[in-house]
Amino acid sequence: GGGSIVFGFPYLDTLKLCGRPEISPEGVEVFRNDNERDLLRLEQMLEKRHNNSNTGDANIFASIIEFPSNPLLNIHDLI
């Protein structure tokens, strides 16, 4: 179980797959802008989930980076 993360503007099939409750019961968090602000929001979200977890993890099932992102073929700074 857990949630899914999609970083970058998602392809429709990626979003549909990650949003299926049998795959990702906690839903999907999408960070569409793939910029530094989204990276900060992602980090804060993971830290909050980690701190609120009974098991000490963020309970994330999958993390997907659209590379390059759709539809503008943006390339993320992965460093």
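**Entry 1: N59**

I looked up N59 and found it partly exposed, because its relative accessible area is 32%. For the terms, I take buried as under 20% relative accessible area, exposed as over 50%, and partly exposed as in between, with a 1.4 Å probe and protein chains only. N59 sits in the loop between α2 and β3. Its phi is near 55°, a positive value in a residue other than glycine. Most residues other than glycine have a negative phi.

I note that the model is predicted, that local features need pLDDT of at least 70 and side-chain atom pairs pLDDT 80 or more, while totals for chains, interfaces and linings use all residues. Residues are numbered from 1 along each chain as its sequence is written, and side-chain values use heavy atoms, with hydrogens and water left out.

**Entry 2: T55**

I then checked T55, in the loop between α2 and β3. T55 has a relative accessible area of 63%, so I list it as exposed. From T55 to L17 I read 26 Å, C-alpha to C-alpha, with their positions 38 residues apart in sequence.

**Entry 3: strand β1**

I take helices (H or I, at least four residues) and strands (E, at least two) as DSSP runs, numbered from the N terminus. Strand β1 covers residues 3-7, and 5 of its 5 residues are buried. I checked both faces: G3, I5 and F7 are buried on one side, and S4 and V6 are buried on the other.

Next I looked up the pairing, where two strands pair if DSSP finds at least two bridges between them. β1 pairs with strand β3 (residues 60-65) in the parallel sense, over 5 bridges. V6 has I64 as its bridge partner in β3. With strand β2 (residues 28-31), β1 shares 4 bridges, and these two strands run parallel. In β2, E29 stands opposite I5, and F31 is the bridge partner of F7.

I followed the chain from β1 through helix α1 (residues 12-18) to β2, and this β-α-β crossover is right-handed. I use that word when, with the strands pointing away from the viewer, the path from the first strand over the helix to the second runs clockwise.

**Entry 4: S24**

What does the side chain of S24 make a polar contact with? I found the side chain of S4, at 3.0 Å. A polar contact here is a pair of N or O atoms within 3.5 Å; within protein, one must be able to donate a hydrogen and the other to accept it, and residues adjacent in sequence count only if both atoms are side-chain atoms.

S24 is in the loop between α1 and β2. S24 counts as buried because its relative accessibility is 1%. Leaving aside neighbours within four places in sequence, I list G2, G3, S4 and C18 in contact with S24, where contact means heavy atoms within 4.5 Å.

**Entry 5: helix α2**

I checked the length of helix α2 (residues 36-51): its 16 residues should span 22 Å at 1.5 Å a residue, and the end C-alpha atoms are 22 Å apart, which agrees. The expected span is 1.5 Å times one less than the number of residues.

Which residues of α2 are buried? I list D38, L42 and M45. Seen down the axis of α2, the buried residues fall within an arc of 65°, so they line one face of the helix. The arc is that of the directions from the helix axis to the C-beta atoms. An α-helix has 3.6 residues a turn, so residues three or four places apart point the same way. On the other side of α2, I find E36, R37, E43, K48 and N51 exposed. The cover over the buried residues of α2 includes β1 and β2.

At the N-terminal end, N35 caps α2, with a side-chain oxygen 3.2 Å from the backbone nitrogen of R37.

**Entry 6: D38 and E36**

D38 lies in helix α2 and counts as buried because its relative accessibility is 2%. I found a polar contact of 2.7 Å between the side chains of D38 and R41. Leaving aside neighbours within four places in sequence, D38 is in contact with F7, F31, R32 and N33.

E36 is also in helix α2. E36 is exposed, because its relative accessible area is 69%. E36 and E22 are 14 residues apart in sequence, and I read 31 Å between their C-alpha atoms.
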